[in-house]
Each structure stands twice: as C-alpha cells, then as structure tokens.
Amino acid sequence: RSAHQNCAPRPESAGPPVTDLAAKPLALARSRNRKADAVTLLTVYIFLLMAIPSRLIFAPLGGAGAPSTVVGATFLVWYLLNWLHTSSAMGSGRQPMRYSAVLLFCAVLASYVSATQHALSLLELKGADRGIIRACGWLGVLLLTADGVDNMERLHTLLRRIVFGGTAMALLGITQFFTGLNAAQYIVIPG
C-alpha cells in the first residue's frame with residue numbers, strides 16, 4: 001500500500017479506530033483516579049440541597065443555617081482563597097458569569113447597606129443578615145460553577161446528577177402523594 005492509502009479517511013461504518021478503543025480503558029482509569037474537582041463539590045451541594053429537609057438547620061445561623069447555604073458560603077471562601085493564590089488558574093481570564101455574579105452581589109450588598117442605615121427592629125435586621133448569608137452561598141456556588149467546571153464532559157456529568165436528583169425528588173413526591181407517607185420525618189441528622 002502506498003503512503004497516501006494509509007492516510008485515507010476511514011469510512012464511518014468501520015467503527016472507531018483501534019487507538020480510540022485502546023484509549024478508553026486509560027480514560028476510565030484516569031477518571032477513577034481523579035481528585036475532587038468542582039463537579040464533585042457541586043454534587044455534594046446538590047445532595048445537601050435536595051436530600052436534607054428545610055427544617056434541619058445549623059441553629060446559630062437561624063434561617064440561613066441550611067446545610068446547602070453553609071456549604072455554598074464555604075465555597076465562596078474557598079473560591080476567594082484560590083483566587084488570591086498566584087499560581088491558581090481559578091478566576092483568571094474573562095468570564096461574563098463572574099462579572100454578572102459580582103454585580104448581583106453588589107446590588108444585594110447595596111440594599112443591605114441601605115436597609116441598615118435606618119433603625120431596624122431585631123427581626124428585620126436578622127432577615128437582612130440572613131439575606132446576605134444566602135447571597136454569599138449563591139455567589140459561592142455560581143462562581144465555583146462558572147470557573148470550576150472546565151469542560152463540557154464535566155458539565156454534562158453535573159447536569160446528569162442534577163437530573164438524577166430531581167427525578168429522585170419527583171419519585172419521592174409521587175410516592176408521598178399516593179401513600180400519604182411523610183418521608184422527611186424519618187430523616188434525622190445528629191447534632
């Protein structure tokens with residue numbers, strides 16, 4: 001065979017090239033050895049958001065003490081520490097979602113400052129504080145997603161996990177509707 005025939009494109013019916021078949025176990029082994037990345041952290045967040053009933057909170061934070069809010073605020077602190085680290089690629093480059101998120105947070109912060117300029121009752125002040133804590137949680141999740149999910153494969157993995165969680169919640173809701181069973185009463189978190 002000539003060199004030109006060896007470089008000819010393969011017909012579609014021929015299947016994947018042998019090199020692709022040999023690379024699949026290597027890619028699978030690499031994915032098993034992968035360290036926790038943003039998608040793994042966001043999966044934990046999604047689980048906390050969907051699986052833990054809203055009545056179970058971290059008591060010192062009051063209404064803002066939902067585990068998902070606490071984890072989201074932790075993501076914000078982690079993101080900011082990575083952003084300040086000079087060798088981190090997190091937060092580098094142009095990212096429109098980052099700018100939009102910071103603009104949204106500045107608007108929330110401006111409304112908080114405006115609200116606290118006046119005499120507020122304790123209840124109103126706690127509500128404003130709760131809003132800032134929740135906004136920090138949202139900002140942490142948004143920034144981690146925007147800058148931490150680095151390719152379409154990982155984005156699809158995250159979306160599959162979200163759909164799986166939503167499906168599980170829907171099945172639980174249907175089951176509760178037809179049986180009258182409140183499954184949330186059986187979820188007890190120590191502490």
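For what follows, Ala, Val, Leu, Ile, Met, Phe, Trp, Tyr, Cys and Pro count as nonpolar, Asp, Glu, Lys and Arg as charged, and the others, Gly among them, as polar. With that in hand, let me begin with the cavity, and please keep in mind throughout that this is a predicted model.

The structure holds one cavity of 30 Å³ or more, and the volume of this largest cavity comes to about 50 Å³. Its lining is made up of Ala101, Leu104, Phe105, Val108, Ala135, Trp138, Leu139 and Leu142, and the elements that contribute two or more residues to it are H5 and H6. If we sort that lining by class, we find eight nonpolar residues, no polar ones and no charged ones.

The largest pocket is a separate topic, and it encloses about 370 Å³ of space. Sixteen is the count to remember here, in the sense that 16 residues line this pocket, and the closest to its centre are Met50, Ala51, Gly165, Ala168 and Met169. Two or more lining residues come from each of H3 and H7, with H7 giving the largest share, seven residues. By class, the lining of the largest pocket has twelve nonpolar residues, three polar and one charged.

Let me turn to the charged side chains. In general, side chains of opposite charge can pair when their charged atoms come close. How many salt bridges does the structure hold? There are two salt bridges, and I will take them in turn.

In one of them, the side chains of Asp37 and Arg154 meet with a distance of 2.9 Å from N to O. Asp37 sits in the loop between helix H2 (18-32) and helix H3 (38-51), while Arg154 belongs to helix H7 (residues 152-179), so this pair ties together parts of the chain that are 117 residues apart in sequence. As for exposure, Asp37 and Arg154 are both buried.

The other salt bridge joins Arg98 to Asp147, where the closest N and O atoms are 3.0 Å apart. This pair, too, links distant parts of the chain, since Arg98 is in helix H5 (residues 96-116) and Asp147 is in helix H6 (residues 122-148), 49 residues apart. Here again, both Arg98 and Asp147 are buried.

Next come the aromatic rings, of which a search of the whole structure finds two pairs. Tyr45 and Phe75 form a tilted pair, with 6.3 Å from centre to centre and 50° between the planes. Tyr45 lies in helix H3 and Phe75 in helix H4 (residues 67-84), so the pair ties together parts that are 30 residues apart in sequence. Are these two residues, Tyr45 and Phe75, buried or exposed? Both Tyr45 and Phe75 are buried.

For Phe177 and Phe178, the ring centres are 5.1 Å apart and the planes stand at 80°, so this pair is edge-to-face. Phe177 is exposed, as is Phe178.

Finally, a word on the cysteines, for anyone thinking about disulfides. A disulfide is counted here when a pair of cysteine sulfur atoms lies within 2.5 Å, and by this rule the count comes to zero. Cys106 is partly exposed, with a relative accessible area of 43%, whereas Cys136 has a relative accessible area of 19% and is therefore buried, the cut-off for buried being under 20%.

How values were computed: Residues numbered from 1 in each chain as written. Predicted model: local features only at pLDDT ≥ 70, side-chain atom pairs only at ≥ 80, totals over all residues. Heavy atoms only, no water. Salt bridge = Lys/Arg side-chain N within 4 Å of Asp/Glu carboxyl O. Helix = DSSP H or I, 4+ residues; strand = E, 2+ residues; numbered from the N terminus. Buried < 20%, exposed > 50% of the residue type's maximum accessible area, 1.4 Å probe, protein only. Phe/Tyr/Trp six-rings, centres within 6.5 Å; stacked < 30°, edge-to-face > 60°. 1 Å grid on protein atoms, 1.4 Å probe; cavity = no way out; pocket = protein on both sides within 12 Å on 5 of 7 lines; lining within 4 Å. Points joined across faces, edges and corners; volume = space filled by probe spheres on them.
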